[in-house]
Amino acid sequence: MRGRALQGMFVLLLAGCAGRPPERVVGTPVGKLSPRQVLLEDTAPKVELRMVPPEVYMRTYLQLFGGLSPIETQKKARGSDGNNLFDTWDDYVSSLGFPDYRLDVPRQTQTNALMVASFERLGIALCDRAVEHDLEGLGGKRGNTVAANDRVVFAFDAATTPMDEAQFVKRFDVLHRTFLGYPVGVAPQERTKRYFALYQDIVANHGKALPKSKFTPEQAGWAAICYGLVRHPEFHLY
């Protein structure tokens, strides 16, 4: 009897559930919601900036040279004009922070003056060789002789006439994405103005430089922009 009573109650419960209308969640228009409390987002860095591992820097450097092998990059970086911008990788490996187990030199975890000097030298070599390759004839009589798709760093049509800031930004954004990995539009607002002022200053005072530069004024201006980005802390730290 007890079992039948329980069974009957269970049937009644099922019948009640089956007859119950389905639940419906009624949406509330967003405009009627008022914030109860506003909290500011804490964007302060929680850890100190760390140096990019030398392996990552090397890989990036080789890619910026066109995805060449280390030996091919060494040959291209040295050039043929004898200005000794680049020596050999053996001269830079230890100073870039790589360990040298032959001499019991450990991996470097912090920058030092020698490492910064090596970054400077490698960056100048990259920028100067890229200008020679990508911007051949810029400001001269021949115009650009390298197709835009074949340029390594300066992958844009470089104007030979004086540029306004809007024209500069379109080209600067290409370099900014190449070296720092994000659009210049989300960078600090004053960055574009500073680099545009640098470009204008280099072009305007090109004839006063001693010793005389082998670049045209426009080439020298873009080389200076490249120097600034390849030296930028965001390129070396994370």
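**Note on a predicted all-helix model**

1. The largest pocket encloses about 250 Å³ of space. Of the 13 residues lining this pocket, H206, S213, F215, A220 and Y227 are the closest to its centre. The model under discussion is a predicted one, and the values given here are computed from it.

2. Which helix gives the most to the lining of the largest pocket? It is helix α7, residues 217-230, with four residues. By class, the pocket lining comprises eight nonpolar residues, three polar ones and two charged ones.

3. As regards the overall fold, the protein chain contains eight helices and zero strands. Reading along the sequence therefore gives the pattern α-α-α-α-α-α-α-α. The chain has 238 residues, of which 34% count as buried.

4. Confidence should be read alongside these features. The mean pLDDT of the protein chain is 79, and 80% of its residues reach 70 or more. Among the elements of the chain, helix α1 (residues 2-19) has the lowest mean pLDDT, 53. Helix α6 has the highest, 93.

5. Enclosed space is the next topic. Rolling a probe the size of a water molecule over the atoms shows where empty space is left. How many cavities of 30 Å³ or more does the structure hold? There are two. The largest cavity contains about 50 Å³ of space, and its lining is formed by M51, V52, P53, P54, Y57, L96, F119 and H236. Seven of these lining residues are nonpolar and one is polar, while no charged residue is present.

6. The second largest cavity has a volume of about 30 Å³. Its lining consists of L64, F65, K76, L126, R129, A130, H133, D134, V152 and V153. Helix α4 supplies the largest share of this lining, five residues. By class, six of the lining residues are nonpolar, one is polar and three are charged. The lining of the largest cavity, by contrast, has no charged residues.

7. R151 lies in the loop between α4 (113-134) and α5 (165-180). Is this arginine buried or exposed? R151 is buried, because its relative accessible area of 8% falls under the 20% cut-off. A polar atom of the R151 side chain lies 2.3 Å from the backbone oxygen of F156.

8. Charged pairs deserve separate comment. Side chains of opposite charge can pair when their charged atoms come close. The structure holds nine salt bridges; three of the pairs are described below.

9. Within helix α4, E132 and R129 form a salt bridge, with their closest N and O atoms 3.0 Å apart. Why are these two residues about one helical turn apart? They are separated by about one turn because they lie three residues apart in helix α4. The partners differ in exposure: E132 is partly exposed, at 31% relative accessible area, whereas R129 is buried, at 3%. R129 also appears in the lining of the second largest cavity.

10. A salt bridge also joins the side chains of K193 and E165, at 3.6 Å from N to O. K193 belongs to helix α6 (residues 189-204) and E165 to helix α5, so this pair ties together parts that are 28 residues apart in sequence. K193 counts as exposed because its relative accessible area, 52%, is over 50%. E165, at 29%, is partly exposed.

11. The third pair is E234 with R191, whose side chains meet in a salt bridge of 3.3 Å, N to O. E234 lies in helix α8 (residues 233-236) and R191 in helix α6, so parts that are 43 residues apart in sequence are tied together by this pair. E234 is partly exposed, at 35% relative accessibility, while R191 is buried, with a relative accessible area of 4%.

12. Which residues are joined into one network by salt bridges that share partners? They are R129, E132 and K214. This network thus takes in the pair from helix α4 described in point 9.

Methods: Residues numbered from 1 in each chain as written. Heavy atoms only, no water. Buried < 20%, exposed > 50% of the residue type's maximum accessible area, 1.4 Å probe, protein only. Polar contact = N/O pair within 3.5 Å; in protein donor to acceptor, adjacent residues only side chain to side chain. 1 Å grid on protein atoms, 1.4 Å probe; cavity = no way out; pocket = protein on both sides within 12 Å on 5 of 7 lines; lining within 4 Å. Points joined across faces, edges and corners; volume = space filled by probe spheres on them. Nonpolar A, V, L, I, M, F, W, Y, C, P; charged D, E, K, R; others polar. Salt bridge = Lys/Arg side-chain N within 4 Å of Asp/Glu carboxyl O. pLDDT = per-residue confidence, 0-100.
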